[in-house]
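Thanks for coming. I will talk through one structure today, starting with charged pairs and then moving on to pockets and cores.

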Amino acid sequence: VAPLTRVSQLNGRYMTFDRSDWLIFPDERAMGTVANEIMGAKWSTDTYSVHEHSLQAPVFDEEREQLGKAENFPIDYTLETAATELTTRSLLLGHEKAVADMYRLAANYPGGNTATLVLADQWDNYASASSDPIADIEAALRQIYVSTGRAANTIVMPWLVWSYLRNHPNIVDRFVNFRLTADEAFAELTGFQGTLIIAESQYNTADNIDATESISDFWGKDVWIGIVDDAPGQRTKTFAKTFVFPYNDTVVRPVDTWREEPRKADLYRTSYRYDLKLVSNIAGFLYKSVIA
């Protein structure tokens, strides 16, 4: 939901979501005069600043002797693969958490683009007449359209919220003989024509692998509705972007490997240079605490 935008330098300004294309500028030109000049784009007063995120994991010779046999791993899976996946997955989880933290922060939205549901309005309160997820979603869609002139095309909904939504009486009564698991079911139920992302990602908040596991959901009980434009380049209309400075102008997340003989180990390092930036706060709507 925060599309990658490749940049050619570590720091720079970026274009923001605006409606300059909709302006009607004075365009009459008298003979012999210069045409009226207009501003071609709106630049942010902020700048992106790409930082490197990097992790490495060792594979020891002793591990190869004990675990390197084929019967200890699935087909085509090795200790080297496991080390590379571990570092890459942790980097991606870090990015995903940064995205979720940004999108779930109410202060990142104008007043009309966020709401916190109280007990009577929450979607798991089936007995309350005020609980109406369809009306809530439609209200968010209208707000985004009024603010941007474009229809929202993406909803991010935690799996736990989804589990309550699909059994909500307003939905069940509206389509008694309709299967919510059918293709395009959500679009037909709500009128939303876009991508529904059921967020299932979780992470361990413990400080290290030996600490007691404490599993947390990235998106909690919040629902995000908004505009995602994954077209390449800067001049796209989207809520947020991940500015990426690739390595050697091509590779986004390279994996390096080298030998450290004193340790009797091979090291596998994954790196990722990015900065996450909010491009247009009016292009998103946040519902906080949609379930108790």
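Let me begin with Asp101 and Lys97, whose side chains form a salt bridge with N and O 2.8 Å apart. Keep in mind throughout that this is a predicted model.

Why can these two meet? Asp101 and Lys97 sit four residues apart in helix H2, so about one helical turn separates them. As a general point, side chains of opposite charge can pair when their charged atoms come close. Is this pair buried or exposed? Neither word fits Asp101, which is partly exposed at 39% relative accessible area. Lys97, at 29%, also counts as partly exposed.

Next is a pair that is not within one helix. Asp222 and Arg104 meet through their side chains in a salt bridge, again given as 2.8 Å from N to O. Asp222 is in the loop between strand E9 (215-217) and E10, while Arg104 is in the loop between H2 and strand E5 (114-116), so this bridge ties together parts 118 residues apart in sequence. Asp222 has a relative accessibility of 4%, and because the limit for buried is under 20%, Asp222 counts as buried. Arg104, at 23%, counts as partly exposed.

Several other charged residues are linked as a group. Asp61, Arg64, Glu80, Arg259, Glu261 and Asp266 are joined into one network by salt bridges that share partners. One bridge to look at here is that of Asp266 with Arg64, where the closest N and O atoms are 2.8 Å apart. Asp266 belongs to strand E13 (residues 265-278) and Arg64 to helix H1 (residues 61-67), so the pair links distant parts of the chain, 202 residues apart. Asp266 is buried, at 14% relative accessibility, and Arg64 is partly exposed, at 26%. In total, the structure holds 12 salt bridges.

Now the pockets. What is the volume of the largest pocket? The value is about 600 Å³. Its lining has 19 residues, and Leu86, Ser90, Leu93, Asn204 and Ile209 lie nearest the centre. Which elements supply at least two residues each to this lining? They are strand E4 (51-60), helix H2 (79-103) and strand E8 (202-204). H2 gives the largest share, seven residues. By class, the lining of the largest pocket has 10 nonpolar residues, six polar and three charged.

The second largest pocket has a volume of about 150 Å³. Its lining consists of Val1, Ala2, His95, Glu96, Val99, Val156, Ile197, Ala199 and Trp219. H2 and strand E7 (195-199) are the elements that give two or more residues to it. H2 once more supplies the largest share, here three residues. Seven of the lining residues are nonpolar, one is polar and one is charged.

From there I go to the nonpolar cores. The largest one contains 39 residues, and the members that touch the most others are Tyr103, Trp123, Trp219, Val223 and Ile225. Two or more residues come from each of H2, helix H3 (133-148), strand E6 (154-158), helix H4 (159-165), strand E10 (223-226) and strand E14 (284-288). H3 has the largest share of this core, with five residues.

Which residues does Val223 touch, leaving out those up to four places away in sequence? They are Trp123, Ile155, Val156, Met157, Pro158, Val161, Phe285, Leu286, Tyr287 and Val290. There is also a second, separate core of six residues, including Val7, Val50, Phe243 and Phe245.

Last, one residue in a loop. Gln193 is found between helix H6 (185-190) and E7. Is Gln193 buried or exposed? At 60% relative accessibility, Gln193 counts as exposed. Still, Gln193 has contacts: not counting residues up to four places away in sequence, Gln193 touches Ala152 and Ala187. The C-alpha atoms of Gln193 and Asn153 are 6.7 Å apart, with the two residues 40 apart in sequence.

To close, go back to H2 on your screens. This helix holds the Asp101 and Lys97 pair, and H2 gives the largest share of the lining of the largest pocket and of the second largest pocket. H2 is also among the elements that give two or more residues to the largest nonpolar core. That is the end of my talk.

Definitions and conventions:
Residues numbered from 1 in each chain as written. Predicted model: local features only at pLDDT ≥ 70, side-chain atom pairs only at ≥ 80, totals over all residues. Heavy atoms only, no water. 1 Å grid on protein atoms, 1.4 Å probe; cavity = no way out; pocket = protein on both sides within 12 Å on 5 of 7 lines; lining within 4 Å. Points joined across faces, edges and corners; volume = space filled by probe spheres on them. Nonpolar A, V, L, I, M, F, W, Y, C, P; charged D, E, K, R; others polar. Core = buried A, V, L, I, M, F, W, Y, C linked by side-chain atoms within 4.5 Å. Buried < 20%, exposed > 50% of the residue type's maximum accessible area, 1.4 Å probe, protein only. Contact = heavy atoms within 4.5 Å. Salt bridge = Lys/Arg side-chain N within 4 Å of Asp/Glu carboxyl O.
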